[in-house]
Amino acid sequence: MDVEYELSRFIGWVEGRREGRQAGREEARRSLADALLASFSVRFGAAASDELRVRLARANMPTLARWLVRARTARGPGDVFAEP
């Protein structure tokens, strides 16, 4: 058994899993942002502005999830982003 070879394979496997998890998290974050964009369009009848797209691109998953929940009952876009 070549220990160096097996160790390098294991390290590659670990790095591959880490990259896969990161890619999965980013895909989930983008999906939340897309859902929020669609929600804005349906709820408020306006096309998404560049400012909104930038704000969504910079937001993390917990923030996007919170905004998506708020968008269901918000009277306007400002209500989605208002902090309690």
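Before I start, one definition: a residue is buried when its relative accessible area is under 20%, exposed when it is over 50%, and partly exposed in between, using a 1.4 Å probe and protein chains only. The areas themselves come from the Shrake-Rupley method with a 1.4 Å probe, and for residues only the protein chains shown count as cover.

What you see is a predicted model, where local features need pLDDT of at least 70, side-chain atom pairs count only at pLDDT 80 or more, and totals for chains, interfaces and linings use all residues. Residues are numbered from 1 along each chain as its sequence is written, and side-chain values use heavy atoms, with hydrogens and water left out.

I'll begin with helix α1, residues 3-44. Helices here are DSSP runs of H or I with at least four residues, strands are runs of E with at least two, and both are numbered from the N terminus. F10 is found in α1. F10 counts as partly exposed because its relative accessibility is 48%. Together with L7, I11 and W13, F10 makes a nonpolar surface patch of about 430 Å². A patch takes residues with over 30% relative accessible area and no salt bridge; like charges are joined within 9 Å, and nonpolar side chains (Val, Leu, Ile, Met, Phe, Trp, Tyr) within 5 Å.

Next, the charged side chains. How many salt bridges does a search of the whole structure find? It finds 4. The criterion is a side-chain nitrogen of Lys or Arg within 4 Å of a carboxyl oxygen of Asp or Glu. One of them joins E6 and R9, with the closest N and O atoms 3.8 Å apart. E6 and R9 both lie in α1, 3 residues apart, which is about one turn of the helix. Both are partly exposed, E6 at 32% relative accessibility and R9 at 48%.

Further along α1, E26 meets R29 in a salt bridge at 3.3 Å, N to O. E26 also meets R30, at 3.6 Å. R30 and E26 are 4 residues apart in α1, again about one turn. Through these shared partners, E26, R29 and R30 become one network. Why might such spacing suit a pair? An α-helix has 3.6 residues a turn, so residues three or four places apart point the same way. Is R29 buried or exposed? R29 is buried, because its relative accessible area is 13%. E26, at 28%, is partly exposed, and so is R30, at 43%.

Now helix α3, residues 61-71. Its buried residues are T63, L64, W67, R70 and A71. They sit on the same side of α3, because they cover an arc of only 125° around the axis; the arc is that of the directions from the helix axis to the C-beta atoms. The face turned away from that side carries the exposed residues P62 and V69. What do the buried residues of α3 pack against? They pack against α1, α2 (50-58) and α4 (77-81), where contact means heavy atoms within 4.5 Å.

That leads to the largest nonpolar core, which has 14 residues. A core is a set of buried Ala, Val, Leu, Ile, Met, Phe, Trp, Tyr and Cys residues joined through side-chain atoms within 4.5 Å. L36, L56, L64, W67 and V80 touch the most other members. Helices α1, α2, α3 and α4 each give two or more residues, and the largest share, 5 residues, comes from α1. Leaving out residues up to four places away in sequence, V80 touches F40, F44, W67, R70, A71 and A74.
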